[in-house]
Amino acid sequence: MRTTRKLISLLILSAGVMTALLISTRPISATGGEKESRFTFRTVIFPDDTFTQLLGINDFQVIAGYHGANVNKGFVFTFPNNFTPENFPNSAQTQVIGINNRGFTDGFYIDAAGTTHGFLDINGTFTTVDFPGTTFNQLLGLNNFDQAAGYFADAAGIDHPYIFDNNGGVFLVITIPVATGGAQATGINDRGSISGFYIDNAGKNHGFLIAKGTFFTLDFPGATLTQAFGLNNEDHVVGAYMDAAGLTHGFIFDDGFFQSVDDPEGVGTTIINGVNDRGQLVGFFVDAAGNTDGFFATSHREGEND
């Protein structure tokens, strides 16, 4: 996989003051094979429902997600089979997406008027997070410093990624010049590294990682689409890609190497949405009956004892 050199502009908004920060990029080449892990999968299904998505996981195996294809209802899940409902008060729909090690969460909700808002749940207190002057926001990842990754849509429907720092209510807007079709920030770790994806002028989706001031485009080799959905504190990035046959597979990107990952019950329909510092994954797939099921996966490095 090759990347071209790009320039990323970060725009910081705080109390009406705007400062532009430029960070450099460098090309990287990524292949698969050197750091491959094996996984043990466990299916997680919300009781009496046919649609479950697991979207975020912290280091204590507390998982964020939602159920219901037509009406989304958020939850926090703990093993063996404990679902705790979590929905923004008086919302019509809620998705819980990011979760940190204190159990704080973020995500988005749809109000009674049909408007989509980002939210934070800090120790049981829900707060709406909307970029000023916008009417469509989603928060998609949360680190242990209560910094959230997300995006807003402008009046033309183009997505713009940002980081929201709950400590002072500061927005950091990420401008990617080649993202003419829009972009989303999907995760932020405690190092300040950011994952996400963007759409170029040809309409193709590319994953990205911003780490140590450098922007990397992440394209799974041979894929027609790549989207990065989360990362951990080791800068291991997870997401999904589409192959030439139109099938969707999960991936892990680790120090320059890609690994394709499919739930055995959902080969070609697997999406990985979250990873913790223990290398445990969460996501979802479509099963043989056409239902959407969540999964939890634990890694086993080649050569280790199971």
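This passage walks through the strands, aromatic pairs, salt bridges and backbone features of a predicted model.

A good place to start is a sheet in the first half of the tour. Four strands make up an open sheet, ordered β9-β10-β11-β12, and their pairing is antiparallel. The edges are taken by β9 (93–99) and β12 (125–129), and since each has a single partner strand, one side of each is left without a neighbour in the sheet. On average, and ignoring direction, neighbouring strands here are turned by 30° against each other. Looking at one pairing in detail, β9 and β10 (residues 105–110) run antiparallel and share six bridges. Within that pairing, Q95 sits opposite F108 of β10. As background, strands in a sheet pair through backbone hydrogen bonds, in either a parallel or an antiparallel way.

Next come β13 and β14. Strand β13 (residues 137–142) has six of its six residues buried, so the strand is largely enclosed by the rest of the structure. Its antiparallel partner is β14 (residues 147–153), and five bridges join the two. One contact to look up is G141, whose bridge partner in β14 is A149. The two strands form a hairpin with four residues between them, and in this hairpin D146 takes a positive phi near 60°.

D146 also turns up in a salt bridge. How many of these does the whole structure hold? The search finds three salt bridges. In one of them, the side chains of R102 and D146 meet at 2.9 Å, N to O. R102 belongs to the loop between β9 and β10 and D146 to the loop between β13 and β14, so this pair ties together parts that are 44 residues apart in sequence. In this way the salt bridge links a loop of the four-stranded sheet's β9 and β10 with the hairpin loop just described. D146 is counted as buried because its relative accessibility is 8%, and the cut-off for buried is under 20%.

R191 takes part in the other bridges. Its side chain meets that of E234 at 3.9 Å, N to O. Here R191 lies in the loop between β17 (183–188) and β18 (194–199), while E234 lies in the loop between β21 (225–231) and β22 (237–242), so parts 43 residues apart in sequence are tied together. E234 counts as partly exposed, at 45% relative accessibility. R191 also forms a salt bridge with D235, at 3.5 Å, N to O. This pair again links distant parts of the chain, with R191 in the loop between β17 and β18 and D235 in the loop between β21 and β22, 44 residues apart. D235 counts as buried, at 12% relative accessibility. Put together, R191, E234 and D235 are linked in a network of salt bridges.

Aromatic rings come next. The count of aromatic pairs comes to 27. Among them is the pair of F46 and F83, which is edge-to-face, with 4.9 Å centre to centre and 70° between the planes. F46 is in the loop between β4 and β5 and F83 is in strand β8, so the pair ties together parts that are 37 residues apart in sequence. Both F46 and F83 are buried. Another edge-to-face pair is made by F77 and F79, at 5.0 Å centre to centre and 85° between the planes. Which of these residues is buried, and which is partly exposed? F77 is buried, with a relative accessible area of 1%, whereas F79 counts as partly exposed at 22%. These four residues belong to one aromatic cluster, made up of F46, F75, F77, F79, F83 and F296.

F79 leads on to a backbone feature. The peptide bond from F79 to P80 is cis, with omega near 10°. P80 is in the loop between β7 (73–78) and β8 (82–85).

Two further loop residues have backbone angles to look at. D48 has a phi near 60°, which is positive in a residue other than glycine. D48 is in the loop between β4 (37–44) and β5 (52–57), the loop that also holds F46. Unlike the buried F46, D48 is exposed, with a relative accessible area of 87%. K212, also not a glycine, has a positive phi of about 55°. K212 is in the loop between β19 (205–211) and β20 (214–218), and with a relative accessible area of 81% K212 is exposed.

Notes. Residues numbered from 1 in each chain as written. Predicted model: local features only at pLDDT ≥ 70, side-chain atom pairs only at ≥ 80, totals over all residues. Heavy atoms only, no water. Buried < 20%, exposed > 50% of the residue type's maximum accessible area, 1.4 Å probe, protein only. Phe/Tyr/Trp six-rings, centres within 6.5 Å; stacked < 30°, edge-to-face > 60°. Pairing = 2+ DSSP bridges. Axes fitted to C-alpha atoms, helices over the stretch in contact; angles between N-to-C directions. Salt bridge = Lys/Arg side-chain N within 4 Å of Asp/Glu carboxyl O.
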